[in-house]
Amino acid sequence: MRFLLKMLFMLGALVFAFVIASNVWIMWKTTDDIHFNVEEIPAVDVGVVLGTSKRSVDGGSNSFFTTRMEAAAKLYKAGKVKHLILSGDNNTKYYNEPQDMFNALLVLGVPAQDMTMDYAGFRTLDSIVRSKEVFGQNEIVIITQQFHAYRALFISKFYGIKAVTFASDDAAKSGMKSVVSREWLARPKAILDLYVLKQPPKFLGEKEIIEIRK
């Protein structure tokens, strides 16, 4: 029994060390590419808006969604991106993140012809890889919250995509600290997916051409 407890303790210590090391590595590799001011963002053709639910768990509005859409519209109107890929989950006919983003951005003044909905952005890895492999983009601006940006950028670097992030707000001030906490576990999982499991996107499909208006 003492031997078993000792082994469990050692295993737990290794897992804890891996989680901490993964977070430190990912944040160290990507922090310089996270920006909060539009003026700091280089002008590129395409911005990728990462999906999230428009509703919170209690049924109210999701501040992550609202601020993310506002950031995307701000970036577009400043001329930093010419086109937006709205990449999110559309698992059922009752849940459609890309369509919700499209509708919100229309209200915020982004023309329909300058948006493309990506219905297979089931997770961050899928959204980032599909921006390159399906939509043909090697340089993008990612629009999401700061806590999420580190992982998105890390995946981009792994796949040779030149990316920066326009962080829409400080998640720690949004009252959703539990979401931020879960990200600490999502980062080591990303490392395992990329370097060990070699996880591909759930769905790629045919290439799609994005029409960039000049």
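**A predicted α/β chain, starting from Tyr119**

Tyr119 counts as partly exposed, at 35% relative accessibility (buried means under 20% relative accessible area, exposed over 50%, and partly exposed in between, with a 1.4 Å probe and protein chains only). This is a predicted model, in which local features need pLDDT of at least 70 and side-chain atom pairs count only at pLDDT 80 or more, while totals for chains, interfaces and linings use all residues. Residues are numbered from 1 along each chain as its sequence is written, and side-chain values use heavy atoms, with hydrogens and water left out.

Tyr119 sits in the loop that runs between strand S4 (115-118) and H4; helices (H or I, at least four residues) and strands (E, at least two) are DSSP runs numbered from the N terminus. Setting aside neighbours within four places in sequence, Tyr119 is in contact with Gly88, Asp89, Asn90, Asn96, Pro98 and Gln99, where contact means heavy atoms within 4.5 Å. Between the C-alpha atoms of Tyr119 and Lys214 there are 25 Å, with 95 residues separating the two along the chain.

Zooming out, the protein chain has six helices and six strands, and read from the N terminus the order is α-β-β-α-β-α-β-α-β-α-β-α. Its radius of gyration is 18 Å, which agrees with the value near 17 Å for a compact globule of 214 residues. That radius is taken over C-alpha atoms, and the globule rule is 2.2 Å times the number of residues to the power 0.38. Along the principal axes, the C-alpha trace spans about 70 × 40 × 35 Å.

Of the 214 residues, 47% count as buried. Among contacts between residues at least 6 apart in sequence, 76% join residues at least 24 apart. The accessible surface comes to about 11,500 Å², and carbon and sulfur atoms account for 60% of that; the areas come from the Shrake-Rupley method with a 1.4 Å probe, and for residues only the protein chains shown count as cover. As for charge, there are 27 positive and 22 negative side chains, with the centres of the two sets 6 Å apart. Here Lys and Arg count as positive and Asp and Glu as negative, with His and the chain ends not counted; each charge is placed at NZ of Lys, CZ of Arg, CG of Asp or CD of Glu.

Helix H4 (residues 124-133) is largely enclosed by the rest of the structure, because eight of its ten residues are buried. Those eight are Thr124, Leu125, Asp126, Ser127, Ile128, Val129, Arg130 and Ser131. Two of the H4 residues turn up again next to helix H5 (residues 146-158), which holds Ala152: not counting residues up to four places away in sequence, Ala152 touches Leu50, Thr124, Ile128 and Ile142. Ala152 itself is buried, with a relative accessible area of 0%. Val164 is twelve residues from Ala152 in sequence, and the C-alpha to C-alpha distance is 9.5 Å.

Strand S6 (residues 162-167) contains Thr165, which is buried as well, at 0% relative accessibility. Beyond the four nearest places in sequence, Thr165 is in contact with Asp33, Ile34, His35, Ile41, Ile142, Thr144, Ala149 and Leu153.

Then there are the aromatics. Rings of Phe, Tyr and Trp (its six-membered ring) pair if their centres lie within 6.5 Å; planes under 30 degrees apart count as stacked, over 60 as edge-to-face and the rest as tilted. By this rule there are six aromatic pairs. Phe64 and Phe147 form a tilted one, with ring centres 5.4 Å apart and planes at 40°. With Phe64 in helix H2 (residues 63-77) and Phe147 in helix H5, the pair ties together parts that are 83 residues apart in sequence. Phe64 is buried at 3% relative accessibility, and Phe147 is buried at 9%. Phe154 and Tyr195 make another tilted pair, with centres 6.5 Å apart and planes at 55°. This pair also links distant parts of the chain, 41 residues apart, since Phe154 is in helix H5 and Tyr195 in helix H6 (residues 177-196). Phe154 is buried at 3%, whereas Tyr195 is partly exposed at 38%. Ring pairs link Trp25, Phe154, Phe158, Tyr159 and Tyr195 into a cluster.

Finally, in the segment after H6 comes Lys198, which has a positive phi of about 55° despite not being a glycine. Lys198 is exposed, with a relative accessible area of 56%.
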